[in-house]
Amino acid sequence: MNIWLLLVAAGAITYASRVATTAVLPAPEGRLGVIIERLPAPLFAALAAVALTDSAAGIDDWPVLAAVVGALAAVRTRSMFLILAAGLVSHALVGWLVGP
């Protein structure tokens, strides 16, 4: 399967599940609401850290590093779509520049 198709499909499924949850469930209140609101940032940071390092604890994949930097640059927009788009564009650009 083409990696880009897989990446777009995963993004679409994630985005659709968030939209469905927002439309169906009421917003959590109190302490739980605060925790849930702050959860995505550390979760994505942990996933990025695992993806970036190899067993020798060095940077293994420059396009992935570029995707993380691009996504972090778009975080201030607080738009999941723009964050994903910035990460995808950064990954594609550096992947094209560095080569396979």
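This passage describes the fold of the protein and then turns to helix H5 and its surroundings.

The structure is a predicted model. Its protein contains 5 helices and 0 strands, and reading along the sequence gives the pattern α-α-α-α-α. Of the 100 residues in the protein, 14% are buried. The exposed area comes to about 7800 Å², and carbon and sulfur atoms supply 73% of that area. As for how the chain meets itself, contacts between residues at least 6 apart in sequence were examined, and 37% of them join residues at least 24 apart.

A convenient place to begin the tour is helix H1, which covers residues 3-24. H1 has 22 residues and spans 31 Å from its first C-alpha to its last, close to the 32 Å expected at 1.5 Å a residue. The N-terminal end of H1 is capped by Asn 2, with a side-chain oxygen of Asn 2 placed 3.2 Å from the backbone nitrogen of Trp 4. Trp 4 appears again further on, among the residues touched by His 91.

Helix H5, made of residues 80-98, includes Ser 90. Ser 90 has a relative accessible area of 19% and is therefore classed as buried, the cut-off being under 20%. A polar atom of the Ser 90 side chain lies 2.8 Å from the backbone oxygen of Ala 86. With neighbours within four places in sequence left aside, the contacts of Ser 90 are Ala 66, Ala 67 and Gly 70.

The residues on either side of Ser 90 make a helpful comparison. Val 89 also belongs to H5. Val 89 has a relative accessibility of 55%, so this residue counts as exposed, for which the threshold is over 50%. The C-alpha atoms of Val 89 and Ala 66 are 9.0 Å apart in space, while the two residues are separated by 23 residues in sequence. His 91 is another residue of H5. With a relative accessible area of 25%, His 91 falls between the two cut-offs and so is partly exposed. Beyond residues up to four places away in sequence, His 91 touches Trp 4, Pro 63, Val 64 and Ala 67. Ala 67 is thus a contact of both Ser 90 and His 91. Gly 70, a contact of Ser 90, lies 21 residues from His 91 in sequence and 8.1 Å from it in space, C-alpha to C-alpha.

Further along H5 comes Leu 93. Leu 93 is partly exposed because its relative accessibility is 46%. Together with Trp 62, Trp 96, Leu 97 and Val 98, Leu 93 makes a nonpolar surface patch of about 630 Å². H5 provides the largest share of this patch, with 4 residues. Helix H5 therefore carries buried Ser 90, at 19% relative accessible area, as well as partly exposed Leu 93, at 46%.

Conventions. Residues are numbered from 1 along each chain as its sequence is written. This is a predicted model: local features need pLDDT of at least 70, side-chain atom pairs count only at pLDDT 80 or more; totals for chains, interfaces and linings use all residues. Side-chain values use heavy atoms; hydrogens and water are left out. Helices (H or I, at least four residues) and strands (E, at least two) are DSSP runs, numbered from the N terminus. Buried means under 20% relative accessible area, exposed over 50%, partly exposed in between (1.4 Å probe, protein chains only). A polar contact is a pair of N or O atoms within 3.5 Å; within protein, one must be able to donate a hydrogen and the other to accept it, and residues adjacent in sequence count only if both atoms are side-chain atoms. Contact means heavy atoms within 4.5 Å. Patches are made of residues with over 30% relative accessible area and no salt bridge: like charges are joined within 9 Å, nonpolar side chains (Val, Leu, Ile, Met, Phe, Trp, Tyr) within 5 Å. Accessible areas come from the Shrake-Rupley method with a 1.4 Å probe; for residues, only the protein chains shown count as cover. A salt bridge is a side-chain nitrogen of Lys or Arg within 4 Å of a carboxyl oxygen of Asp or Glu. The expected span of a helix is 1.5 Å times one less than its number of residues.
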